Amino acid sequence: MDTYLIRPSGLLVTWLVRSTSVSPAALTAAAVVAGWLAAYFFFLAAKSGNQGNFGWLAAVTLLVHSAFDSADGQLARWKNEASDLGRLIDGIGDYLSFLAIYLAIGFGLDIAHQSNGPVFVAVSLFAAASHALQCALVEYQRNLYRQIALGTEMGAALSAKDEAKARAESASGFAWLLHVLHIAYTRIQTFFCGSSMLLSDRIHHWKQAHPEHQHRLRRVVVSNQGKILRSWAVLAPNSHKVAMIVGAILPVGSPSTWGSFGLVWYFIYGLGFLNILLIVFLKIQRSADRKTWRDIQSLNAPRSSSHAT
């Protein structure tokens, strides 16, 4: 979906506005607006028991949101305006869009099922939190793999918390708030991916001690981390988008009984199945991280005393 639909759509948007005064921030704002419009159609789909074309309208507007979301970063790189602050705003915009979609589905389901209380709204908040956690850990693992396996700088993943803290101390106003949120975000990532953080720290020092073996290090990382990284994609945002769309276009029953049951099952999918996969992936990731470090230590390179531990 990302390779053949979202990124080409984002490239088209970038191509159309690249010579105009449109800024990356404007595309980020457009993505948020499209996300909120998608939330409105998801609400109508849930409320009506998936009757009519509301599910398809939600799918189209969600695609538009994804295209703008992809294009803002591409345009920033095209215009050489990429910045840490821009990436923070982009990420927050994504989460605001998805939070709106989850709440919209929850309110719609409560109306459709004539709930005595905000049962589905409460469920939607838990589902949104699960979505945010899953996507944050996928992002962490992807960035770490790119930095180690592709040979880019490790600083961003190695000390994201420290860098965010330093930026927060020098920022003020809205920027300060964004950087404080980034600190909390990175702490969540490193809390759940502690073994990967430890591995990145060890590799950082190992690379400094053995610069002549960089290519061998990358082969070890690709061999041990590549497969589990592809598995992590199941928890990525696009996986959620596909499941949301499927849930919104499957009419089952009537609005007052089991209408919108596809969207109910989406909550079950996100809170149940994907969280089970998350636990499994974290366990597999810890094993892969330990094996990666053992294999790195076994490389035919002199070991310094600083790495004996």
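User: Before we look at H3 and H11, how are helix axes and angles defined?

Analyst: Axes are lines fitted to C-alpha atoms, for helices over the stretch in contact, and angles run from 0 to 180 degrees between N-to-C directions. Helices here are DSSP runs (H or I, at least four residues), numbered from the N terminus. Keep in mind that this is a predicted model, where local features need pLDDT of at least 70, side-chain atom pairs count only at pLDDT 80 or more, and totals for linings use all residues. Residues are numbered from 1 along each chain, and side-chain values use heavy atoms, leaving out hydrogens and water.

User: Why is H3 called roughly antiparallel to H11?

Analyst: Helix H3 (residues 54-78) and helix H11 (residues 237-248) pack at about 160°, with axes 8 Å apart. Angles over 145 degrees count as roughly antiparallel, so H3 is roughly antiparallel to H11.

User: What makes the contact between them?

Analyst: Contact means heavy atoms within 4.5 Å. H3 brings Gly55, Ala59, Leu62, His65 and Ser66, while H11 brings Lys241, Ile245 and Ala248.

User: How do you know what counts as a cavity?

Analyst: On a 1 Å grid over the protein atoms alone, it's a set of points where a 1.4 Å probe fits but cannot get out; lining residues have an atom within 4 Å of a point. By this rule there's one cavity of 30 Å³ or more. The largest cavity holds about 100 Å³, the space filled by probe spheres set on the points.

User: Which helix gives the largest share of the lining of the largest cavity?

Analyst: That's H10, with five residues.

How values were computed:
On a 1 Å grid over the protein atoms alone, a cavity is a set of points where a 1.4 Å probe fits but cannot get out, and a pocket is an open set with protein on both sides within 12 Å along at least five of seven lines; lining residues have an atom within 4 Å of a point. Helices (H or I, at least four residues) and strands (E, at least two) are DSSP runs, numbered from the N terminus. Angles under 35 degrees count as roughly parallel, over 145 as roughly antiparallel, 65 to 115 as roughly perpendicular and the rest as oblique.
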